[in-house]
Amino acid sequence: MPEALSSCIPRLVSNPNADRERAYGPSERAILSRAAFDEAMAEIGAWPGYAPTPLRSLPGLAREAGIDRLWYKDESGRFALGSFKALGGAYAVLRLMAREVTARVPGVPVTALDLVVGRYAKVTRALTVTTATDGNHGRSVAWGAQVFGCNCVIYVPAACSAGRREAIAAYGAKVVVVDGPYDDAVRRAAADAAANGWFVVSDTSYTGYMDIPRDVMQGYSVMVEEALSQLPASERPTHVFVQGGVGSLPAAVCAHLWESLGRQRPRLVVVEPHNADCLYQSALAGRPARSKGGLDTVMAGLACGEVSLLAWAILERGADDFLTIPDEGAVRTMRKLADGEHGGRAIVAGESGVAGLAGLLCAAAHEDVRHALGLAPDARVLVFGTEGATDPQVYERLVGRSPEAVAAA
């Protein structure tokens, strides 16, 4: 078995509280549910430009990992945003605007089309949404605000690249740079929203703020259902590797698989950078805990120091393992996809978007971790490539070629 990422040493903790016999019950359905998914799917599926993103087979990297099958859900073409985040932030903005219009114009059902054509513009133009972001979530919220007719202010940490700030501003949002990490931007957005009467549309939840993050996570489940429907019926995955962040994405993946497949669901491995490991630390502590690292990571979209409480309520029983990897693993995985080592046309993938795949390749290159995760030769793994080159300059610096050059190869 090739050990191409053998220098990328992962850290693993298996979740001591995982309960694969536990049914997906009322407490979990109060957070995420098939019923709420059906509503999200019906709405998002009707948006102009909606189409399921491709599920790609990566036979070359499956061989490198010593497993039977490897599938990559490629979100680089999701709407105009190049990221799965388009499913969450924009959907939450829509839900929020519909609720606020209904509260002001009672008895009138409000549709997405009503908002798009400006039927209630007098109401929505007086409303402002805000959030903190490392890039992709803020872009989705800004896009949703532009489409559904409200104002938008986005807070970014100092480390957020100029390219990502410009991409957010292109949708008409005001971008505010916070001198600190992502978690400082979260607190600043919440404080300014309270002072100005704005609405926070965040993918992280905290005490007193739960409803909107549910909508964000529920939007993400559209991606999971697409992947399930695209998989060969006789080749269901044995494992899913998914990137962490505050936990909203892995919780959405976990919940949808848990409720849909029960005990037959794949083993869920959550992957984080070594220096932004709040979920790994939470698994060790058995409760929500802060990252022990300084949040300095090339995987900027995962540079989160604190766990979303709603996400942890799902992951504390539903996730099986928590894995952290060095930045080198993500960068080398981006290059593998760009070079076609997976066995097909080049794939343009961003540094945060490859974390799940990089986690698999790092784990497979170390026999002790491989064995602990049950990555046998007949294993079949699903990963989510959650972004393309959302900052082309960062991509070119890391890969050595522009995303356009890679795509044309």
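Two rings of Phe, Tyr or Trp (for Trp, the six-membered ring) are taken as a pair if their centres lie within 6.5 Å. On that footing, a search of the whole structure, which is a predicted model, turns up nine aromatic pairs. One of them brings together phenylalanine 84 and tyrosine 220, with ring centres 4.7 Å apart; the planes meet at 55 degrees, so this pair is tilted. Phenylalanine 84 comes from the loop between strand 3 (69-74) and helix 4 (89-104), while tyrosine 220 belongs to helix 10 (residues 211-230), so the pair ties together parts that are 136 residues apart in sequence. Both phenylalanine 84 and tyrosine 220 are buried. Tyrosine 206 and tyrosine 209 make another aromatic pair, this one stacked, at 5.0 Å centre to centre and with 20 degrees between the planes. Here the two partners part ways in accessibility: tyrosine 206 is partly exposed, at a relative accessible area of 26%, whereas tyrosine 209 comes in at 12% and counts as buried.

Ring pairs also build a cluster, made up of Trp47, Tyr50, Phe79, Trp143 and Phe148. Tryptophan 47 has contacts with Phe79, Trp143 and Phe148 from that cluster, and also with Ala86, Ala90, Tyr91 and Leu94, leaving out residues up to four places away in sequence. Another member, phenylalanine 79, sits in the loop between strand 3 and helix 4 and is buried, with a relative accessible area of 16%. Its backbone is worth a look too: phi of phenylalanine 79 is near 50 degrees, a positive value in a residue other than glycine. For context, most residues other than glycine have a negative phi. Leucine 295 does something similar, with a positive phi of about 70 degrees although it is not a glycine. Leucine 295 lies in the loop between helix 12 (278-285) and helix 13 (309-318), and with a relative accessible area of 14% it is buried. Rings meet charge as well: the charged end of arginine 11 sits over the ring of tyrosine 280, 4.6 Å from the ring centre.

Next come the nonpolar cores. In soluble globular proteins, nonpolar side chains tend to be buried together. The largest nonpolar core in this model has 85 residues, and the members that touch the most others are Trp47, Met97, Val129, Val253, Leu268 and Phe322. Apart from that core lies another, of 45 residues, with Leu302, Ala349, Ala364 and Leu375 among them. Ala364 also turns up in helix 15 (residues 355-364), where it is buried. That helix is mostly covered, with ten of its ten residues buried. Its buried residues include Gly356, Gly359 and Cys362, along with Leu357, Leu360 and Leu361.

Not everything that is tucked away is nonpolar, and the loop between strand 3 and helix 4 offers a case in glutamate 75. At 0% relative accessibility, glutamate 75 counts as buried. Leaving aside neighbours within four places in sequence, the contacts of glutamate 75 include Gly82, Ser83, Phe84 and Leu87, and also Thr53 and Met223. Glutamate 75 is in contact with Gly385, Thr386 and Glu387 as well.

Glu387 leads on to threonine 390, since the side chains of these two residues make a polar contact of 3.2 Å. Threonine 390 is located in the loop between strand 11 (380-385) and helix 17 (392-399), and at 8% relative accessibility it counts as buried. A second polar contact, of 3.1 Å, joins the side chain of threonine 390 to that of arginine 164. Beyond four places in sequence, threonine 390 touches Leu81, Gly82, Ser83, Asn136, Arg139 and Arg164. Gly82 and Ser83 are thus contacts of both threonine 390 and glutamate 75.

Last, the cysteines. A disulfide is a covalent bond between the sulfur atoms of two cysteines, and a search of the whole structure finds zero of them. Cysteine 152 is in no disulfide, and the nearest cysteine sulfur, from cysteine 150, is 6.8 Å away. Cysteine 152 is buried, with a relative accessible area of 7%. Cysteine 160 is likewise in no disulfide; for this residue the nearest cysteine sulfur is that of cysteine 304, at 12 Å. With a relative accessible area of 4%, cysteine 160 is buried too.

Terms used. Residues numbered from 1 in each chain as written. Predicted model: local features only at pLDDT ≥ 70, side-chain atom pairs only at ≥ 80, totals over all residues. Heavy atoms only, no water. Helix = DSSP H or I, 4+ residues; strand = E, 2+ residues; numbered from the N terminus. Buried < 20%, exposed > 50% of the residue type's maximum accessible area, 1.4 Å probe, protein only. Polar contact = N/O pair within 3.5 Å; in protein donor to acceptor, adjacent residues only side chain to side chain. Contact = heavy atoms within 4.5 Å. Phe/Tyr/Trp six-rings, centres within 6.5 Å; stacked < 30°, edge-to-face > 60°. Lys NZ or Arg CZ within 6 Å of the ring centre and 35° of its normal. Core = buried A, V, L, I, M, F, W, Y, C linked by side-chain atoms within 4.5 Å. Disulfide = S-S within 2.5 Å.
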